[in-house]
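Here are a few short exercises on cysteine pairs. Have a look at the structure first, then work through the solutions one step at a time.

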Amino acid sequence: MRFHRLRVHSLRSVLCDQAGKYVDHRWFRSVLPLSAVCVLLSLGLRVSLAQLAPTGQQGQATSGGIASGGPQAAVFDNQHRPITAGGFVKTGPIIFQNVAKQAGLTVWHSESGTPEKQLIIGAQGAGVCLLDYNNDGWLDIYLVNGSTYDVHGKITPAHAALFRNNHDGTFTDVASVAGITNDRWGMGCTAGDYNNDGWPDVYVTNYGKNRLYRNNHDGTFTDVAPQAGVALDSWSTGATFGDYDGDGNLDLFVAGYIHLDLNNSPLANSKTVSHDFCEYRSVRVSCGPRGLQGAHDHLYHNNGNGTFTEVSKNLGVDDPNGYYGQGALFADVNNDGKPDLLVANDSTPNYLYINKGNGAFADESYLSGYALNESGREMANMGIAAGDYLNNGYLDIFNTVFSDDYNVLFQNDGKGNFTDVSYRAGVAESSIPFLGFGDGFLDYDNDGWLDLLVVNGHVYPQVDQHPDWGESYAERPLLYHNLKNGKFSLVPAVEGTGLAVVSVGRGAAFGDLFDNGKIDAVINNMDGVPMLLRNVNADHHHWVEMKLIGGPKSPRDAVGATVYLSAGGIRRRQDVLSGGSYLSSNDLRVHFGLGDLDRVDEVEIHWPSGTVEKIKLPFVDRIYTVAEGKGITGAMCDGKPCEPSH
């Protein structure tokens, strides 16, 4: 069976590559998905462009903005509200509370295009990064901001925010002082120490030129993107740092979305795009991405001297198909110690590039099963999350997608081969009405098993004018609890709690913002104030966290490291990853819930250099600093250095 599966995937890969060469991807998917064309080719049938061209009612019925599935039945709650903005319960477990106002985050407001969202760029929203920019042991928050058409290129657009953690539950926006306001139409961000000086830097993707903010060690940043060679000048989305060639320096991958000219805006029946790509359920909406030209992806090799060299085409990761890139993540999916590259593409097949260990990649998108869902259909992918939810030592992948389709959980067999287990795992059906963006694996109750949090929000405000569709523009998050048997259960949204907050969610990042061992979430909302979902779950489970510091042959921030923690007969896995979710980046510290266990048997760290190191953690419920080759070099208790005897 395994041999047969490999042959089928291999044949599909070849056929789809041929389809990509001869079929115009910009418009044929409005009638047939790429998978259907592959099937026709596999049967020896000739695919006529004229037969595939959308016309009349056929085009209207099958187009739908960036939706890849057909309209599904509406779901309402007992008050006849769309389930996306309802379905709340009076009582139940209180997991998160939105404390953004108390924390001081609501003084900042995001902007993106016009309220009507005439253009697709105004509907995309932006990401959020969690990083300890001043090395004080507490996570800070960087929120990317967009812009508006009337100010773009004319006056200063909206500022990004850098909220410094005040260690008392509040934050202060220091972006202007820090020189990290961006002042461009921002999209996403990722954090990583690209120059190995021990201080986190920030890469910001934009519509237009990107920025690489180098940390100056004094609370300020300097944009060095032009001299570093990574400014680009396109529409970039997801970005991720990773040391793909094992030289100890973080390389940079940047996904491209669409070639967009605001001076020649893609409106219905314009020269840029056909009317067929500007409708959702026969209602006029913003056009694209289908029907628009996709932007290519870029991989930059770190030269070790503050500059980068683009190697995308040479390594075959430049997206020659012109797919619509969104999420991007370097992660080791086949357990060979080398970071592979995943790209979540909107309305087009995903990419999985396997690192061959010789400075090259192999495109195994179809062969691995990651390109398409179990129906053999491409999805409108947004966010991407990686985590070992089965505690079997393998990284599984979770992608968020458009409404009228289900979010996809790809189970890993340990060799980088994936199976869509969304329905059997219990995360598919409940997600269909929602439009997912940010996502993350997190152990919210510290029971030692990774749960899932999904942030939602529609891209078309027009859905609120059609209540019979069962959809809403602002939507609530979805939290899935790991049942420890390969399945998840949806956690009820209790009125007045963070899970019942309805917003137009986009980027989301996850980490321990209060240094108390509980994982929180920060959400960047469209045209609104951010959310800070503080974890207030009532459990008293034990936990440990680790900040890793790489040695001379590893990246200094240890991005790419894999940590295995053994306790109570279970071996858990966490990875140090930069990027992911929707255009965002999470806490680089690894976090392990332990349940009722009060001791750790062993920690095994696979450093990016290839060194494998085993250490003992003397206590639980603290944040350790572990340096490659030196073991534990520090520990934090309740946000302060631990006493020597503790």
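Before starting, one cut-off: a residue is called buried when its relative accessible area is under 20%. Also keep in mind that this is a predicted model.

**Exercise 1.** Find how many disulfides the structure holds.

*Solution.* A disulfide is a covalent bond between the sulfur atoms of two cysteines. To count as one here, the two sulfur atoms have to lie within 2.5 Å. Going through the cysteines with that test gives three disulfides.

**Exercise 2.** Work out where the partners Cys129 and Cys189 sit in the chain, and whether they are buried or exposed.

*Solution.* Start with the bond: the S to S distance between Cys129 and Cys189 is 2.3 Å. Next, place the two ends: Cys129 belongs to strand E2 (residues 128–131), while Cys189 belongs to strand E6 (residues 185–192). They are 60 residues apart, so this pair ties together distant parts of the chain. Last, apply the cut-off: Cys129 and Cys189 are both buried.

**Exercise 3.** Determine the handedness of the link between Cys129 and Cys189, then do that for Cys278 and Cys287 and for Cys637 and Cys642.

*Solution.* Take the Cys129 and Cys189 pair: its S-S torsion is about 130 degrees, so the disulfide is right-handed. Turn to Cys278 and Cys287, with sulfur atoms 1.9 Å apart: the value is 105 degrees, and the link is right-handed. Finish with Cys637 and Cys642, whose sulfur atoms are 1.9 Å apart: a torsion of about 100 degrees makes this disulfide right-handed.

**Exercise 4.** Decide whether Cys278 and Cys287 are buried or exposed, and do likewise for Cys637 and Cys642.

*Solution.* Check Cys278 and Cys287: both are buried. Then check Cys637 and Cys642: both are buried.

Conventions. Residues numbered from 1 in each chain as written. Predicted model: local features only at pLDDT ≥ 70, side-chain atom pairs only at ≥ 80, totals over all residues. Heavy atoms only, no water. Helix = DSSP H or I, 4+ residues; strand = E, 2+ residues; numbered from the N terminus. Buried < 20%, exposed > 50% of the residue type's maximum accessible area, 1.4 Å probe, protein only.
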